[in-house]
Structure formats: structure tokens, C-alpha cells
Amino acid sequence: MTDPQAFLELAAAIQSDLSLEGATRLLAYLDAMLAENEHVNLTAVRDREEAVLFHALDSAAIGCGGFEDAPERVLDLGTGNGFPGVAVACFFPDAKITLMDRTLKKLKAIERAVAACDFRPDTFE
């Protein structure tokens, strides 16, 4: 099972610079999202290790962007399962992230998954 340190190695392989705290939070969200997925269809990916690759690592590519300055506000339009918006919050913990989707039940599931993790209360709008 991929732990935060192993995830950092995966992220480094794609030249994505993520902190250990960010990796821990990202994987915690992934686990919470997969738990919510048992009740609300957020993703067709049910296997955790596949989800690490298809959702967490794919979203960690944001860390390859070479940003001069960290973004202050980010909009994840059509978020679906919270990725990549939650990953952005792991890379840029001071940014305000708006997760937007047309399906309210998905947004409520994402809200519960985010609440289960160690994000600042004002991170998500």
C-alpha cells in the first residue's frame, strides 16, 4: 500500500515537488474519497493503488508547473471527485480552492471527505 513517503518517490519521478505533509494530506483525502465512493459514485476506480496513480499522482502533476508565485485562488470546475482541486490545496496550502460541480450529492460527498482530513477550515469554498 502506498504510504506518503512512497508517494513522494512517485511524485519525484515525474519531477513534482510535494512536501511530506502535502503527500500525507493528499493520501488521506484519497482514502476518505474512496470511502465516500462506496455510497456516492465519485469514481469508477475502486482499487486504492489504482486510485493513487489515476487520481493522486495524476493530480500531483500540478507540482511540475514551475509556478513563480503560488496561486491565491483556484477554481476546479467540474471537480467530480475533488481531484485535482484537492491536490492543488496540498501543494499550495494558503490558496483558496473552489470545487465546483453540477451534482450536489458529489459536492456533499467531497465536503465530507475533506472534513475527514487535516485541511485548514478556510481552504475550500
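**Helix α1, a nonpolar patch and two unpaired cysteines**

Helices α2 (20–37) and α3 (48–60) are among the elements that cover the buried residues of α1, where cover is taken as contact, that is, heavy atoms within 4.5 Å. The model is a predicted one, so to speak of local features takes a pLDDT of at least 70 and side-chain atom pairs count only at pLDDT 80 or more, while totals for chains, interfaces and linings use all residues. Numbering runs from 1 along each chain as its sequence is written, and side-chain values use heavy atoms, with hydrogens and water left out.

Helix α1 itself takes in residues 4–13, and its buried residues are Phe7, Leu8 and Ala11. These three sit on the same side of α1, because they cover an arc of only 105 degrees around the axis; the arc is that of the directions from the helix axis to the C-beta atoms. Turned away from that buried side is a face with the exposed residues Glu9 and Ala13. Buried here stands for under 20% relative accessible area, exposed for over 50%, and partly exposed for anything in between (1.4 Å probe, protein chains only). Helices (H or I, at least four residues) and strands (E, at least two) are DSSP runs, numbered from the N terminus. Just past α1 comes Gln15, with a positive phi of about 60 degrees.

On the surface, Leu75, Leu77 and Met100 make up a nonpolar patch of about 320 Å². Patch members need over 30% relative accessible area and no salt bridge; nonpolar side chains (Val, Leu, Ile, Met, Phe, Trp, Tyr) are joined within 5 Å, like charges within 9 Å. A salt bridge, in turn, is a side-chain nitrogen of Lys or Arg within 4 Å of a carboxyl oxygen of Asp or Glu. The areas come from the Shrake-Rupley method with a 1.4 Å probe, and for residues only the protein chains shown count as cover. Met100 belongs to strand β2 (residues 96–100) and, at 40% relative accessibility, counts as partly exposed.

Lys105 is found in helix α5 (residues 104–115) and is exposed, with a relative accessible area of 56%. Its C-alpha atom is 9.5 Å from that of Leu42, though the two residues are 63 apart along the chain.

As for cysteines, the structure holds 0 disulfides (pairs of cysteine sulfur atoms within 2.5 Å). Cys90 is in none, and its nearest cysteine sulfur belongs to Cys117, 8.2 Å away, which is too far for a bond. Both are buried: Cys90 has a relative accessible area of 5% and Cys117 one of 11%.
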